[in-house]
Amino acid sequence: MSLKRKQMSIDLKTKQLILVEVEKGTLPKTKIAEKFGIPKSTLSTIIKNKDKIDEAVALGSTNSTKRLRKPMLEDVEKELSKWFKKARDSNIPLSGALVREKAKEICTSNGVEHMACSDGWLCI
């Protein structure tokens, strides 16, 4: 009887390291999977999702991110992210209330009426 494997989540930083190892091409995929302690099928899934992982890194996802999810209102999120980066580059002090207010403005300008811009939304 085989032992059941414990389910584990792999963070974005580890996925990037795995992809670097695969791109080097010095080790076979089986050895790479063993090195990182993951099944070969998980390695295949990471390789298959390389573009999504690269995109998440480019969009600024944190290294501790384990699941890649698209935002519900992608246009609003992108515009808010641009504003946020611009404000940070200008050394403007930002608070949660200010970010929520700007999100409401962006939603209104994009015709989105069902966005709550709550504390819970901001924390996600």
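## Exercises on a predicted model

Glutamate 21 is buried, with a relative accessible area of 11%. The structure is a predicted model.

**Exercise 1.** Determine which salt bridges glutamate 21 forms with lysine 24 and lysine 35, and where the partners lie.

*Solution.*
1. A salt bridge requires a side-chain nitrogen of Lys or Arg within 4 Å of a carboxyl oxygen of Asp or Glu.
2. Between lysine 24 and glutamate 21, the closest N and O atoms are 3.6 Å apart, and the two residues form a salt bridge. Both belong to helix α1 (residues 12-24) and are three residues apart, about one turn of the helix.
3. Lysine 35 also meets glutamate 21 in a salt bridge, at 3.0 Å from N to O. Lysine 35 lies in helix α2 and glutamate 21 in helix α1, so this pair ties together parts that are 14 residues apart in sequence.
4. Salt bridges with shared partners thus join Glu21, Lys24 and Lys35 into one network.

**Exercise 2.** Classify lysine 24 and lysine 35 as buried or exposed.

*Solution.*
1. Exposed means over 50% relative accessible area, and buried means under 20%.
2. Lysine 24 has 53% and is exposed.
3. Lysine 35 has 51% and also counts as exposed.

**Exercise 3.** Describe how helix α2 and helix α3 are arranged.

*Solution.*
1. The axes of α2 (residues 29-36) and α3 (residues 40-48) come within 9 Å and cross at roughly 105°.
2. Angles of 65 to 115 degrees count as roughly perpendicular, so α2 is roughly perpendicular to α3.
3. The contact is made by Lys29, Thr30, Ile32 and Ala33 of α2 with Lys40, Leu43 and Ile47 of α3.
4. These residues divide into four nonpolar, one polar and two charged.

Conventions. Residues are numbered from 1 along each chain as its sequence is written. This is a predicted model: local features need pLDDT of at least 70, side-chain atom pairs count only at pLDDT 80 or more; totals for chains, interfaces and linings use all residues. Side-chain values use heavy atoms; hydrogens and water are left out. Axes are lines fitted to C-alpha atoms, for helices over the stretch in contact, and angles run from 0 to 180 degrees between N-to-C directions. Helices (H or I, at least four residues) and strands (E, at least two) are DSSP runs, numbered from the N terminus. Angles under 35 degrees count as roughly parallel, over 145 as roughly antiparallel, 65 to 115 as roughly perpendicular and the rest as oblique. Contact means heavy atoms within 4.5 Å. Ala, Val, Leu, Ile, Met, Phe, Trp, Tyr, Cys and Pro count as nonpolar, Asp, Glu, Lys and Arg as charged, and the others, Gly among them, as polar. Buried means under 20% relative accessible area, exposed over 50%, partly exposed in between (1.4 Å probe, protein chains only).
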